[in-house]
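Please open the model in a viewer and keep the sequence panel visible. The stops below are arranged so that each selection can be made in turn.

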Amino acid sequence: MLRAPDRPATARSAGATTPRRWPRSRPALFGVLFVLPAALYVVIFQLGPVLYGLVLSFSEYSPIKRSGPEFIGLDNYRALLDDPEFGRALLVTGRYVLQVLPFTVVIALVLAMLCNRPFRGVGFFRTAMYVPHIVSLTAVSMIWLWIYSDNGVVNELFRLFGLSEQRWLADEDAALNAASAMRVWKALGSNMVLLLAGLQTVPRDLYEAARVDGANAWRQFLAVTLPGLRPMLTYVLAMDIIYLAQGFSEIFVLTQGGPYGSTTTVNYLIYTEAFQYNQMGSASAMAFVLFAFIAGLSVIAIRFSQGRKA
């Protein structure tokens with residue numbers, strides 16, 4: 001007798017249950033929910049104030065007045081072009097960046113190359129160099145305020161060697177140099193750690209090949225170390241420019257912009273304009289000019305660090 005062909009077993013006929021699958025949109029929804037708190041923080045507390053500051057830069061507004069911001073167009077920016085105090089603050093900021101940046105990068109690179117070699121106590125040396133970075137800039141400025149005082153460490157060393165003491169923070173020519181020296185000491189640790197991380201990514205085979213070709217230590221540095229370190233070096237230069245051009249805490253603690261405005265950076269001038277003279281509109285305009293100034297310096301530094309491509 002002929003048998004009917006067996007029908008293929010289905011999940012329902014076999015009594016098996018298929019696992020329930022989430023809709024394709026469900027993982028995307030979970031991703032949005034996880035990102036939403038951080039996105040709200042950025043929009044409300046970072047992007048929102050920036051956009052409001054941009055609106056204020058085209059307005060005249062004082063918080064002590066009951067009236068709100070009054071739109072005046074580009075008048076705040078035109079006033080900055082004719083303001084000698086702002087021009088001088090811009091020059092002081094540029095000088096401050098150019099004084100600190102080369103020393104922090106070059107000395108940090110030397111220290112990173114030293115720490116890249118094994119020797120006894122290298123771990124302690126790395127930690128000791130990095131400690132100033134984790135200390136608050138305000139606290140560091142307070143320490144250096146005592147160091148630069150009349151009876152501070154620097155003047156005591158001068159007396160020890162028979163030199164005349166100096167009023168480091170009260171002299172118009174020395175105040176900015178004193179603040180720059182403090183900022184170099186503060187930034188060395190972080191730059192050293194970043195450049196050390198960059199050095200450890202350079203393949204050792206390249207150094208061996210360079211030695212086989214007869215390259216000395218200097219040629220190895222130019223042909224192997226610098227090209228391999230270029231991405232990290234570009235990052236260090238850009239971040240240092242951003243932080244230095246926004247210098248405020250050290251100026252506020254050490255000199256408060258003096259003497260005679262010789263240490264008044266743009267960021268400190270923004271503070272005085274906004275919170276001492278209550279001119280929020282012009283202070284916002286200064287902030288966006290400073291933003292353009294930092295962006296320009298960063299582009300120049302990145303182009304310089306990248307150099308010509310082979």
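The tour goes from the nonpolar core to a polar contact, the aromatic rings and the charged side chains.

**Before selecting**

The model is predicted, so local features need pLDDT of at least 70 and side-chain atom pairs count only at pLDDT 80 or more, whereas totals for chains, interfaces and linings use all residues. Residues are numbered from 1 along each chain as its sequence is written, and side-chain values use heavy atoms, with hydrogens and water left out.

**Stop 1: the nonpolar core**

Select Tyr148, Met192 and Leu195. Of the 58 residues in the largest nonpolar core, these three touch the most other members. A nonpolar core here is a set of buried Ala, Val, Leu, Ile, Met, Phe, Trp, Tyr and Cys residues joined through side-chain atoms within 4.5 Å. Buried means under 20% relative accessible area, exposed means over 50%, and partly exposed lies in between (1.4 Å probe, protein chains only).

Next, colour the helices that supply at least two residues each to this core; among them are helix 4 (84-115), helix 8 (175-199), helix 10 (217-245) and helix 13 (280-306). Helices (H or I, at least four residues) and strands (E, at least two) are DSSP runs, numbered from the N terminus. Which helix gives the largest share of the core? Helix 4 does, with 13 residues.

Now centre on Leu195 and show its contacts (heavy atoms within 4.5 Å). Apart from neighbours within four places in sequence, Leu195 touches Val105, Ala108, Leu109, Ala112, Leu229, Met232, Leu233 and Val236.

**Stop 2: Thr225**

Move to helix 10 and select Thr225. Is Thr225 buried or exposed? It is buried, because its relative accessible area is 4%. With neighbours within four places in sequence set aside, Thr225 is in contact with Leu199, Tyr207 and Gln220. Add the side chain of Tyr207 to the view: it makes a polar contact with the side chain of Thr225 at 2.8 Å. A polar contact is a pair of N or O atoms within 3.5 Å; within protein, one must be able to donate a hydrogen and the other to accept it, and residues adjacent in sequence count only if both atoms are side-chain atoms.

For a sense of scale, draw a C-alpha to C-alpha distance from Thr225 to Pro49: the two are 42 Å apart in space and 176 residues apart in sequence.

**Stop 3: aromatic rings**

Rings of Phe, Tyr and Trp (its six-membered ring) pair if their centres lie within 6.5 Å; planes under 30 degrees apart count as stacked, over 60 as edge-to-face and the rest as tilted. By this rule there are 14 aromatic pairs. Select Tyr271 and Phe275: their ring centres are 5.9 Å apart and their planes stand at 40°, so the pair is tilted. Both residues lie in helix 12, 4 residues apart, about one turn of the helix. Tyr271 is partly exposed, with a relative accessible area of 24%, whereas Phe275 is exposed at 58%.

Then select Trp144, Tyr148, Phe158, Trp168 and Trp185, which ring pairs link into a cluster. Tyr148 has already appeared at the first stop, in the nonpolar core.

**Stop 4: charged side chains**

The structure holds 5 salt bridges, a salt bridge being a side-chain nitrogen of Lys or Arg within 4 Å of a carboxyl oxygen of Asp or Glu. Start with Asp75 and Arg78, whose side chains meet at 2.8 Å, N to O. Both lie in helix 3 (residues 75-81), 3 residues apart.

Where does the salt bridge between Glu172 and Arg88 sit? Its closest N and O atoms are 3.5 Å apart, and the pair links distant parts of the chain, with Glu172 in the loop between helix 7 (153-160) and helix 8, and Arg88 in helix 4, 84 residues away. Glu172 is partly exposed, and Arg88 also counts as partly exposed, at 37% relative accessibility.

In helix 7, select Glu156 and Arg159, separated by about one helical turn. Their side chains form a salt bridge at 2.7 Å, N to O. Add Glu165 to display a network of salt bridges linking Glu156, Arg159 and Glu165.

Finish at Asp240 in helix 10. Asp240 is buried yet has no salt bridge; Arg183, the nearest side chain of opposite charge, is 7.3 Å away. For charge, Lys and Arg count as positive and Asp and Glu as negative; His and the chain ends are not counted. Beyond neighbours within four places in sequence, Asp240 is in contact with Leu101, Thr104, Val105 and Asn191.
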